[in-house]
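Hi,

Here is the structure I said I would pass on. Have a look first, and my notes follow underneath.

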Amino acid sequence: MVDVDKFIELRDYIIEKHYAHLNSKQREAVLHGKGPLLILAGAGSGKTTVMVNRIAYLIKFGDIYSTDYIPENLTKEQFQEIEDLAKLYRGGDSSQIDIPDGLLSDRGVNPLNILAITFTNKAANEMLERVSNLIGHTAQNMWIRTFHSACVLILRRFAGELGYRSNFVIYDTSDQQELIKECLKELNINEKNFPPRDVLSYIGRIKDRLLSPKEFEIEANGNYRDEQIAKIYTKYQDKLKSNNAFDFDDLIGKTVELFRLKPQILEYYQRRFHHVLVDEYQDTNYAQYTLIKLLSGHHKNICVVGDDDQSIYGWRGADIKNILDFEREFKDTKVVKLEENYRSTQTILEAANQVICHNTYRKSKELWTRGQKGDKICLYEASSEWEEAEFICSQIQSSIIDDNLRPGDFAVLYRLNTQSRVIEETLIKYAIPYRIYGGYRFYDRKEIKDIISYLRVIANPADDISLRRIINTPRRGIGAVTLDRLEALAEDEG
């Protein structure tokens with residue numbers, strides 16, 4: 001007979017030692033078993049480290065830590081192997097110890113059954129790379145994706161259920177504005193009263209609330225401007241569909257629509273994803289919250305990481321209530337606060353804590369560090385932008401001379417691009433070399449958009465926006481009048 005209590009004690013000891021490189025709160029979050037988990041992660045507290053280690057833990061060990069679970073047919077030889085492994089951990093550096101596959105991993109989660117959501121492709125790629133470093137090539141089978149890229153995968157497979165073809169295109173901002181201009185023209189609505197950029201932003205907020213054109217039309221009852229927007233929204237969605245296209249805001253909304261329209265498809269993904277993890281949860285909007293709640297509806301294993309003190313995207317639809325009300329929305333939630341900071345000095349953290357404590361709605365936490373106290377914060381109040389630039393450049397020059405630093409050791413942050421001119425001129429005056437980061441992104445360049453439009457028309461001949469872009473590029477003598485007549489004829493003929 002194997003001593004069951006001893007086995008559990010040794011098993012939990014080994015798992016704890018395996019994650020000894022984490023602090024106690026990080027480890028508590030990583031080793032959480034089943035059920036909802038809210039990780040309130042302060043700035044610089046190692047939230048990405050927690051996310052990747054939790055994913056690795058789920059794959060390697062499943063949810064066996066601190067449970068009564070015992071593998072079936074546990075042999076004396078296996079028990080002896082566990083004892084030997086525990087001795088190795090007691091002996092020294094646990095980072096060099098490899099736990100053999102199968103020894104404690106009979107409840108490990110298949111990577112295919114894990115969905116991890118981030119907000120940017122860069123964050124998703126970094127997370128995938130770090131998980132791969134921990135568990136090897138099996139991480140490639142996971143879905144570590146942004147909200148939108150995960151939805152694209154789902155829609156590519158099931159777009160037909162919504163009346164779209166799987167080779168749909170995704171319109172960027174300039175494509176959307178062209179389409180809105182067409183809608184305004186056909187509806188005889190003046191662009192000056194309804195600027196396309198403003199209309200798009202308004203429609204985006206409507207889509208964040210998961211309102212269809214018909215639902216918004218009902219809501220707009222009696223409000224002239226909203227009634228006009230409802231007409232534009234209806235025409236805009238019709239044109240998107242006829243072009244076999246989605247805009248960026250559609251990707252999440254249409255996925256939610258698909259799940260509500262076809263419960264069997266939702267059930268497939270609910271049963272597939274045993275664990276759903278979401279980063280930067282404080283920046284989610286209503287549509288993203290709804291998608292996550294639907295996907296985690298079967299297994300209830302949802303882990304979100306966020307910081308209510310860092311929510312700054314309310315202007316683009318982020319709803320701070322998603323994180324503040326998480327415990328009410330998801331019953332029996334475990335809450336872990338990560339308050340130890342690894343990035344800043346104590347002086348910086350004390351100042352931040354004093355500012356943040358005045359927030360009206362927040363979950364209390366206080367950042368601290370084992371690091372140095374650090375220099376005092378310097379506040380300089382300038383009387384003009386030129387005086388401000390002089391102060392910045394003189395400080396940089398002094399540090400280069402006195403502290404043997406390089407120009408590349410400094411960063412100057414400004415809120416508006418118009419502020420850069422004065423700073424640049426002063427940097428030139430001080431002979432300090434600099435580099436401006438910004439400008440057009442690669443895919444926003446005209447020649448790149450032209451090439452992509454050609455490829456889009458080849459892949460999806462229904463894409464009128466891309467066709468209009470390249471029909472006279474290079475010039476072929478096809479003028480605006482000819483295009484308008486063709487478009488009118490196409491509209492009449494359907």
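To start with the helices packed on the sheet: helix H6 (residues 147-158) lies across E2, E3 and strand E6 (275-278), and runs at about 115° to E3. Helix H5 (residues 121-135) also lies across strand E2 (114-118) and E3, in its case at about 160° to E3. Keep in mind that this is a predicted model.

The sheet itself is open and has six strands, in the order E3-E2-E6-E7-E1-E8, with parallel pairing. At the edges sit strand E3 (143-146) and strand E8 (334-338), each of which pairs on one side only. From one strand to the next, the twist averages 15°. If you want one pairing to zoom in on, try strand E1 (residues 37-41) and E7: they run parallel and are joined by four bridges. There you will find isoleucine 39 opposite valine 305 in E7.

Now the charged side chains. I get 37 salt bridges in the structure, and here are a few you can click through.

One is glutamate 267 with arginine 271, at 3.0 Å from N to O. The two are about one helical turn apart, because they are four residues from each other in helix H12 (residues 263-272). Glutamate 267 is partly exposed, with a relative accessible area of 39%, and arginine 271 is partly exposed too, at 44%.

Another joins lysine 365 to aspartate 308, at 3.4 Å from N to O. Lysine 365 is in the loop between helix H16 (346-356) and helix H17 (385-402), while aspartate 308 is in the loop between strand E7 (302-306) and helix H14 (321-324), so this salt bridge ties together parts that are 57 residues apart in sequence. Both lysine 365 and aspartate 308 are buried.

The loop between H16 and H17 also holds lysine 363, whose partner glutamate 327 is in helix H15 (residues 326-329), so that pair ties together parts 36 residues apart in sequence. The side chains of glutamate 327 and lysine 363 meet at 2.5 Å, N to O. Is each partner buried or partly exposed? Glutamate 327 is partly exposed, at 34% relative accessibility, whereas lysine 363 is buried, at 15%.

Last, there is a network to look at: salt bridges that share partners link Glu182, Glu186, Lys235, Lys239, Arg468 and Glu487.

Cheers

Technical notes
Residues are numbered from 1 along each chain as its sequence is written. This is a predicted model: local features need pLDDT of at least 70, side-chain atom pairs count only at pLDDT 80 or more; totals for chains, interfaces and linings use all residues. Side-chain values use heavy atoms; hydrogens and water are left out. A salt bridge is a side-chain nitrogen of Lys or Arg within 4 Å of a carboxyl oxygen of Asp or Glu. Buried means under 20% relative accessible area, exposed over 50%, partly exposed in between (1.4 Å probe, protein chains only). Two strands pair if DSSP finds at least two bridges between them. Axes are lines fitted to C-alpha atoms, for helices over the stretch in contact, and angles run from 0 to 180 degrees between N-to-C directions. Contact means heavy atoms within 4.5 Å.
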